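Reader: I would like to go through this model with you. Could we have it on screen before we begin?

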Amino acid sequence: MSHGHGHHDPSSGGPAAVLSRIRLYDEPAAGGHDRLRPVRDWVRDHVARPHPDLGRRGAVCPFVPLSQRLGLIRYALAEPLVTDEAGLTAAVAALKAHWLAMEPRGGQHTIDKTIVLVLPGAAAETVVRVHDRAKPEFVADGMMLGEFFPGHPGPGLHNPDFRPLHSDTPLLVARSMVTNDLPFLTERRYPPARRAGFVESFLEHQRSASPDTRIRAREELARAREELARPEPRPPD
């Protein structure tokens with residue numbers, strides 16, 4: 001797979017019709033692209049750096065600095081640009097296919113590869129719907145799909161007043177699942193069936209997680225299954 005200033009060669013893996021829907025740019029190429037440069041700068045100057053409101057030490061995303069040093073961040077645009085739900089759904093399918101085809105496909109640095117799909121003009125509500133529908137497929141394959149948009153209300157793990165998911169441009173981000181992702185997979189906003197599926201995938205793909213983390217995961221799985229087993233409340237007569 002070529003990761004230079006051009007796009008992914010569909011012949012190098014995956015269905016060509018899927019892989020051709022988005023074009024990937026490395027960091028230098030993104031810096032020369034009018035639509036991508038502001039996002040590249042935001043990742044470099046905000047996401048990859050500490051923030052006084054973060055509530056912990058280190059970068060806003062602790063994995064980004066190493067990904068940058070290894071040259072494993074790509075920025076993607078749908079071609080042509082899409083803002084509707086069907087178009088975003090197709091772009092996200094391409095995003096997943098590109099991430100799976102992107103090197104390295106194995107080894108310790110698989111967790112460091114990231115693709116940022118930039119969605120200029122997409123409505124936050126559309127991004128949320130597409131994200132929520134696609135996320136189970138990503139998690140089942142040991143991946144994560146992150147959503148970012150202007151005014152995202154999601155709180156930080158260490159400071160509930162910090163808004164780490166705010167970005168000026170709507171984005172969907174594909175990366176590898178890591179052991180620190182358990183809290184994101186067990187949020188109470190997800191119904192118990194979805195939480196149970198997420199944790200089952202986590203336990204399958206994170207076999208090297210610490211014993212404490214796996215215990216917490218099994219506890220979350222048991223809690224979700226217990227909720228599923230409860231009878232639905234009967235409506236009043």
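Reader: To start with one loop residue, is Pro-62 buried, exposed or partly exposed?
Author: Pro-62 counts as partly exposed, at 47% relative accessibility; buried means under 20% relative accessible area, exposed over 50%, and partly exposed in between, with a 1.4 Å probe and protein chains only. This is a predicted model, in which local features need pLDDT of at least 70 and side-chain atom pairs count only at pLDDT 80 or more, while totals for chains, interfaces and linings use all residues. Residues are numbered from 1 along each chain as its sequence is written, and side-chain values use heavy atoms, with hydrogens and water left out.

Reader: Where does Pro-62 lie?
Author: Pro-62 is in the loop between helix 3 (37-47) and helix 4 (64-70). Helices (H or I, at least four residues) and strands (E, at least two) are DSSP runs, numbered from the N terminus. Between Pro-62 and Arg-49 the C-alpha to C-alpha distance is 8.6 Å, with their positions 13 residues apart in sequence.

Reader: Now Lys-96. Buried or exposed?
Author: Lys-96 is buried, because its relative accessible area is 15%. Lys-96 belongs to helix 5 (residues 85-101).

Reader: Which residues does Lys-96 touch?
Author: Leaving aside residues up to four places away in sequence, Lys-96 touches Glu-137, Phe-138, Asp-141 and Met-143. Contact means heavy atoms within 4.5 Å.

Reader: Changing topic, what span does helix 8 reach?
Author: Helix 8 (residues 192-205) has 14 residues and reaches 20 Å from its first C-alpha to its last, close to the 20 Å expected at 1.5 Å a residue. The expected span is 1.5 Å times one less than the number of residues.

Reader: Which of its residues are buried, and what covers them?
Author: The buried residues of helix 8 are Arg-195, Ala-196, Phe-198, Val-199, Ser-201, Phe-202 and Leu-203. Their cover includes helix 6 (124-140), helix 7 (182-185) and helix 9 (211-229).

Reader: And overall, how many helices and strands are there?
Author: The protein has nine helices and five strands, in the order α-β-α-α-α-β-α-β-α-β-β-α-α-α along the sequence. Its radius of gyration is 18 Å, close to the 18 Å that the globule rule gives for 237 residues, so the protein is as compact as a globular protein of that length. The radius is taken over C-alpha atoms, and the rule is 2.2 Å times the number of residues to the power 0.38.

Reader: What share of the residues is buried?
Author: Of the 237 residues, 46% count as buried.
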